[in-house]
Amino acid sequence: MEIHKKIWPKYFQEILEGKKKFEVRLADFEIKEGDILVLEEYDPKTKKYTGRTIKKKVGFVTKFNPAECHSLEDIKKYGFWEIDIE
C-alpha cells in the first residue's frame, strides 16, 4: 500500500541527501512493513506543496506511547532525540 504524507523542506532535503533514514509520525494512520511511504514536500510558509516527492519502502515499524515511559512534564521540558543507528 502507498501512504502519502507531507514533509517540510528541511527534512525532505535530508532524506534526499541520504542523511535522514527514519520518520517519527503521529500514529493516526495504519502502516506496516513493506508499505511505500510517499513523502510530498510541503512548505509551511507558503502552505503549498512544492511538487517534489520521495518514495521509500517501509522497513521496521513500531508504535509507542512516550507517556508510558516519561511524564508529560519531562516530555515538554526535554523533548526527544531521533537517533539513527547503523
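**Group meeting: a walk through a predicted model**

Let's start at the very end of the chain, with Glu86, which counts as exposed at 87% relative accessibility. Glu86 sits in the segment after H2. Its C-alpha atom is 29 Å from that of Ser71, and the two residues are 15 apart in sequence. Before I go on, please keep in mind that this is a predicted model.

While we are in that part of the chain, have a look at Ile85, which also lies in the segment after helix H2, and the helix itself covers 72-78. Is Ile85 buried or exposed? At 71% relative accessibility, Ile85 counts as exposed. Ile85 has partners, too: together with Trp81 and Ile83 it forms a nonpolar patch on the surface. The accessible area of these three residues together is about 490 Å².

Now let me step back to the whole protein. There are 2 helices and 3 strands, and their order along the sequence is β-α-β-β-α. If you put a box around the C-alpha atoms along the principal axes, you get roughly 40 × 30 × 25 Å. The chain has 86 residues, and 17% of them count as buried. The accessible surface adds up to about 7300 Å², with 55% of that belonging to carbon and sulfur atoms.

What about contacts across the sequence? Taking the contacts with a separation of 6 or more, 58% are between residues 24 or more positions apart.

On to charges, which take up a good part of my time today. The protein carries 18 positive and 17 negative charges, and the mean positions of the two sets are 5 Å apart. As a reminder, side chains of opposite charge can pair when their charged atoms come close. How many salt bridges does the structure hold? The count is 7, and I'd like to show you some of them.

The pair I'll take to begin with is Lys55 and Glu2, a salt bridge whose closest N and O atoms are 3.0 Å apart. Lys55 belongs to strand E3 and Glu2 to strand E1, residues 2-7, so this pair ties together parts that are 53 residues apart in sequence. As for their surroundings, Lys55 is exposed, with a relative accessible area of 53%, and Glu2 is partly exposed at 40%.

Next, please turn to helix H1, residues 9-16. Here the side chains of Lys10 and Glu14 meet in a salt bridge, with 3.0 Å from N to O. Why are these two separated by about one helical turn? Because they are 4 residues apart in the helix. Glu14 is partly exposed, and its relative accessible area is 23%.

Then there is Arg52 with Glu41, a salt bridge with its closest N and O atoms 2.8 Å apart. Arg52 is in strand E3 and Glu41 is in strand E2, residues 36-43, so the pair ties together parts 11 residues apart in sequence. The two ends of this bridge are worth looking at side by side. Arg52 is partly exposed, with a relative accessible area of 34%, whereas Glu41 counts as buried at 6% relative accessibility. There is also a network: Lys20, Glu23 and Arg25 are joined by salt bridges that share partners.

Let me move to the loops. In the loop between E2 and E3 you will find Lys47. Its phi is positive, about 60 degrees, although Lys47 is not a glycine. For background, most residues other than glycine have a negative phi. Lys47 counts as exposed, at 63% relative accessibility.

My last stop is Gly59, in the loop between strand E3, which runs over 48-57, and H2. How exposed is Gly59? With a relative accessible area of 36%, Gly59 is partly exposed. Its C-alpha atom is separated by 30 Å from that of Asp74, and these two residues are 15 apart along the chain.

So, to gather up the pieces: the predicted model has the pattern β-α-β-β-α and holds 7 salt bridges. Among them is the one from Lys55 to Glu2, between E3 and E1. And in the segment after H2 we have Ile85, part of a nonpolar surface patch with Trp81 and Ile83. Thanks for listening, everyone!

Note on methods: Residues numbered from 1 in each chain as written. Predicted model: local features only at pLDDT ≥ 70, side-chain atom pairs only at ≥ 80, totals over all residues. Heavy atoms only, no water. Patch = residues over 30% accessible without salt bridge, like charges linked within 9 Å, V, L, I, M, F, W, Y side chains within 5 Å. Areas by Shrake-Rupley, 256 points an atom, 1.4 Å probe, with all protein chains shown as cover. Salt bridge = Lys/Arg side-chain N within 4 Å of Asp/Glu carboxyl O. Buried < 20%, exposed > 50% of the residue type's maximum accessible area, 1.4 Å probe, protein only. Contact = heavy atoms within 4.5 Å. Lys, Arg positive; Asp, Glu negative; His and termini not counted. Charge placed at Lys NZ, Arg CZ, Asp CG, Glu CD.
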